[in-house]
Amino acid sequence: MKFQPIIGLEVHVELATKSKMFCGCSAEHFGVTPNTHTCPVCLGLPGALPVPNKKAVEWTMMLGLALGCTVNHDSKFDRKNYFYPDLAKGYQISQYDEPLCVNGEFSLSSNESKSKKIRIRRVHLEEDTGKLQHSLVNGEEVSLVDFNRSGVPLVEIVTEPDFRSIDEVDAYLKDLQKIIRYLGISQADMEKGSMRLEPSISLTEMQNAKGKMQNLPPYRVELKNINSFRFARHALEFEIKRQTQILEKGGTPVQQTRGWNETKGQTMAQREKEEANDYRYFPEPDIPPMHFTELQIEECRSQIPELPAAKKLRFMKAYALSEYDSNLLAETRGVAEYFETAAKLHGNPKEIANWIINNKINTSATVPAELVEKIVKSKKVSTFSLEEVGKIIDKIILDNPKIVADYKSGKVQVLGFLIGLLAKSLGHAPTQEQRELLERKIT
Ligand code: ZN
Ligand code: MN
C-alpha cells in the first residue's frame, strides 16, 4: 500500500454512578421503562438548575490520571449548542477549553505494538443525551424519545492522531476498556452502549509519513455508529480502501462524518463535519467553575488501583509466571485477586496459576479456599507411582503426535488438553509432580 493511515480516536464512556450528572435521578437506563428516571433538570425544563455529580468528577480525574494526563487545577463546564430531538435543552453541558484532564501518554500493552505510545489530548466530562426509538405506533412510523439516558455522566477520551494501523487501534481500545473496568467506573460494555467509539481516519502518502510528520492530511473522516471492536475494524478497513481509490485518482476525500452500516459492509456519508464555532460554545452560567488543589488531585491519584499492565509485570516477577499466563490472570481485577488470594493460601503460585488457567476455573462460582482444598485433595487420591504415570504419559504422547508437535512449536495452550487426557487416565486431576513430569516429557 502506498498510503499510510492516520487515525485518531474519540471514545465516550458512560460512568456507572448511581445518579445522573446534574440531578438526583437514577442513572440506570438499560432495560428500564422509558421516561421513568426523569426530572425537570434532565428533561431540560425552564428554570431547573444543574448540580454536578462529585463522584463523576472524581472518576473522570482518576481515569485521566491512569492515562498519564495532567489534571487541570481550573476547570469548568460549557454549553455546546445544537438542535436534535434527543437533547431537550437545545444544548449539551460539556467541557470546551478547560477540560478536567489534558496531555496524557499511554503505552500500548500488546506484544506487537510494544513501546508504541499514544498521546491523549484530553479527557472531559459531559452528559449523555436521550435515546431516540423509531417504531410503529397504530400503523404510523414515529420517533419516540426516552429521556432515561438524558443526563447520564459521559466521559469523552480523545487521542491525538497517533495510530498508524488498525491493530494499534484495536490494542488501545482493549487496553482502555480493561483500565476502565479495573477502575470500576463503568462496565464499558459496547453492546449496551456504555462504551462508544468514533475513529477519525485520513490517509497520507507513505513518503510523507516517515519520521516526524510535519503536516497532517488536509481532510479527515469521522466514523460513527460503531458498536463493537469488530465493527471498528471493518469500518476502518472499508475507509482505507475507499479513500485509497479517491487518492489514487488524484482526488481528496471530502471532510465529513460517515456512519458504518454493518449489514451493507460500508460507510455512508452522514453530514459534513461541523467546526467548533458551529456549536457556539460558552461557559455554563448555572455551574460555578471548579478548582482543584494539588492535595485533591493526589487524593484522587491514590485511589487508582494497580492497573493491568503493572499487575502483569508484577505477576511475572513475583511469581515467576510466563507473560502469557500473567496476562490471562491480570485480564480482570476479579481473577487477579482470586489468583493472589488462592496463591497465598496454598503457597505455590505456579500451581494455582496452572489450575485457574488450564482447568478453566470459574472464579465467580467458587471461593479461593475451595480451589485450594480441591487441589490438596487431588494430591491425596493419587495411587499411581511416578513410574506408572510416566508410562501413561508416554502412551498419551504416542497417541497424540500432532498436539505434542503443536506444543513444541510454541502453542503452549494445548498443554491444557494433554493435562485433561492425563486426568482422564488417572481418574483425578494430576498432581503438581505429575504435571511437571508431563511437561518434561513433551518439551
Ligand atoms: Zn433528572
Ligand atoms: Mn462528546
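Is Cys-23 buried or exposed? At 14% relative accessibility, Cys-23 counts as buried, where buried means under 20% relative accessible area, exposed over 50% and partly exposed in between (1.4 Å probe, protein chains only). The model examined here is predicted, so local features need pLDDT of at least 70 and side-chain atom pairs count only at pLDDT 80 or more, while totals for chains, interfaces and linings use all residues. Residues are numbered from 1 along each chain as its sequence is written, chains are lettered from A and ligands numbered from 1 in the order in which they are written, and side-chain values use heavy atoms, with hydrogens and water left out.

Cys-23 belongs to a metal site. The zinc ion (ligand 1) is held by the SG atoms of Cys-23, Cys-25, Cys-39 and Cys-42, at 2.3 to 2.4 Å. Donors here are N, O and S atoms within 2.8 Å of the metal (3.2 Å for Na, K and Ca); water is not among the atoms, so sites may look incomplete. Along the chain, the donors of the zinc ion follow the spacing C-x1-C-x13-C-x2-C. Cys-23 and Cys-39 each lie in the loop between β1 (3–14) and α1 (54–66), so the pair ties together parts that are 16 residues apart in sequence. Helices (H or I, at least four residues) and strands (E, at least two) are DSSP runs, numbered from the N terminus. Cys-39 is also buried, because its relative accessibility is 18%. The 4 donor atoms around the zinc ion subtend angles of 101 to 116°, which makes the arrangement tetrahedral; for four donors, that label requires all angles to lie between 85 and 135 degrees.

A second metal is also present. The manganese ion (ligand 2) is coordinated by His-12 (NE2), Glu-126 (OE) and Glu-156 (OE), at 2.0 to 2.2 Å. The spacing of these donor residues in sequence is H-x113-E-x29-E. His-12 in strand β1 and Glu-156 in strand β10 (residues 153–159) are 144 residues apart, and the pair links distant parts of the chain. His-12 is buried, with a relative accessible area of 9%, and Glu-156 counts as buried at 9% relative accessibility.

Turning to the interior, the largest nonpolar core has 94 residues, of which Ile-157, Tyr-172, Met-195 and Phe-339 touch the most other members. Such a core is a set of buried Ala, Val, Leu, Ile, Met, Phe, Trp, Tyr and Cys residues joined through side-chain atoms within 4.5 Å. Helix α2 (residues 166–183) gives the most to this core, with 10 residues. Apart from it lies another core, of 16 residues, among them Val-389 and Leu-426.

Aromatic rings add further detail. Rings of Phe, Tyr and Trp (its six-membered ring) pair if their centres lie within 6.5 Å, with planes under 30 degrees apart counted as stacked, over 60 as edge-to-face and the rest as tilted; by this rule the count comes to 10 aromatic pairs. The rings of Phe-163 and Tyr-172 have centres 5.2 Å apart and planes at 65°, so they are edge-to-face. Tyr-319 and Phe-339 are likewise edge-to-face, at 5.3 Å centre to centre and 90° between the planes. Tyr-319 lies in helix α5 (residues 308–319) and Phe-339 in helix α7 (residues 333–346), so this pair ties together parts that are 20 residues apart in sequence.

Conventions
Tetrahedral: all angles 85-135°; square planar, octahedral: opposite > 155°, others 65-115°.
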